Amino acid sequence: MTSEGPKVGDEAEGSLVVGPEHFASVIVDGTPDVFSTPSLGALVEKTAAEWLHGFVESGQTSVGAQITINHTAATPEGKRVTVTVRVEEAEAPRYEFSWTAADEAEPVGSGTHTRFVVDEARFLSRVDRKR
């Protein structure tokens, strides 16, 4: 981790336009063609991970350990969903985020996300032992 690591209160934002690949119906047959909860979780994780990556040193990466998703409103195809992640705790190697999400009309979700900064080679070695 760089000496100027993430600090409590730091925020990052990410967004996407809802397409068919994000639909709930891709996950569960018979459900509506709206933005899925797993896609919302993926956007949260992507936003936090890409932002945190700017602070890790060579040979390090971050891994998600927990996500809490409160998905409160549906978003149809073609609408933009924007996520804001905020650092709530920054005690290396653990980083706790809160997050909110909104589409162009209203808030659509909130929750928490935990990431750990790890040595990439050591992490992959543990994965390889499972193969």
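Accessible areas come from the Shrake-Rupley method with a 1.4 Å probe. The legends below describe a predicted model.

**Figure 1. Overall surface and dimensions of the protein chain in the predicted model.** The accessible surface of the chain amounts to about 7,500 Å², and carbon and sulfur atoms contribute 50% of this area. The C-alpha trace extends over about 45 × 40 × 20 Å along its principal axes. Among the 131 residues of the protein chain, 37% are classed as buried. The side chains include 12 positive and 21 negative ones, and a distance of 8 Å separates the centres of the two sets.

**Figure 2. Order of the secondary structure elements in the protein chain.** The chain contains three helices and five strands. Read from the N terminus, these elements follow the order β-α-α-β-β-β-β-α. Of the contacts in the protein chain with a separation of 6 or more, 67% are between residues 24 or more positions apart.

**Figure 3. The largest pocket and the residues that line it.** The space in this pocket is about 200 Å³. Its lining consists of Val-118, Asp-119, Arg-122, Phe-123, Arg-126, Val-127 and Lys-130. Two elements, β5 (107-119) and α3 (120-129), each give two or more residues to this lining. Helix α3 provides the largest share, with four residues.

**Figure 4. The cis peptide bond between Ala-92 and Pro-93.** The omega angle of this bond is about 10°. Pro-93 lies in the loop that connects β3 (80-91) with β4 (94-102). Although Pro-93 and Val-118 are 25 residues apart in sequence, their C-alpha atoms are 7.1 Å apart in space.

**Figure 5. Surroundings of Val-118 in strand β5.** Val-118 has a relative accessibility of 21% and therefore counts as partly exposed, since the buried class requires a value under 20%. When neighbours within four places in sequence are set aside, the contacts of Val-118 are Gly-59, Gln-60, Thr-61, Val-63 and Phe-123. Val-118 and Phe-123 are also both among the residues that line the largest pocket. This view may be read together with that of the cis peptide bond, as the C-alpha atoms of Val-118 and Pro-93 are separated by 7.1 Å.

Key. Residues numbered from 1 in each chain as written. Predicted model: local features only at pLDDT ≥ 70, side-chain atom pairs only at ≥ 80, totals over all residues. Heavy atoms only, no water. Buried < 20%, exposed > 50% of the residue type's maximum accessible area, 1.4 Å probe, protein only. Contact = heavy atoms within 4.5 Å. Lys, Arg positive; Asp, Glu negative; His and termini not counted. Charge placed at Lys NZ, Arg CZ, Asp CG, Glu CD. 1 Å grid on protein atoms, 1.4 Å probe; cavity = no way out; pocket = protein on both sides within 12 Å on 5 of 7 lines; lining within 4 Å. Points joined across faces, edges and corners; volume = space filled by probe spheres on them.
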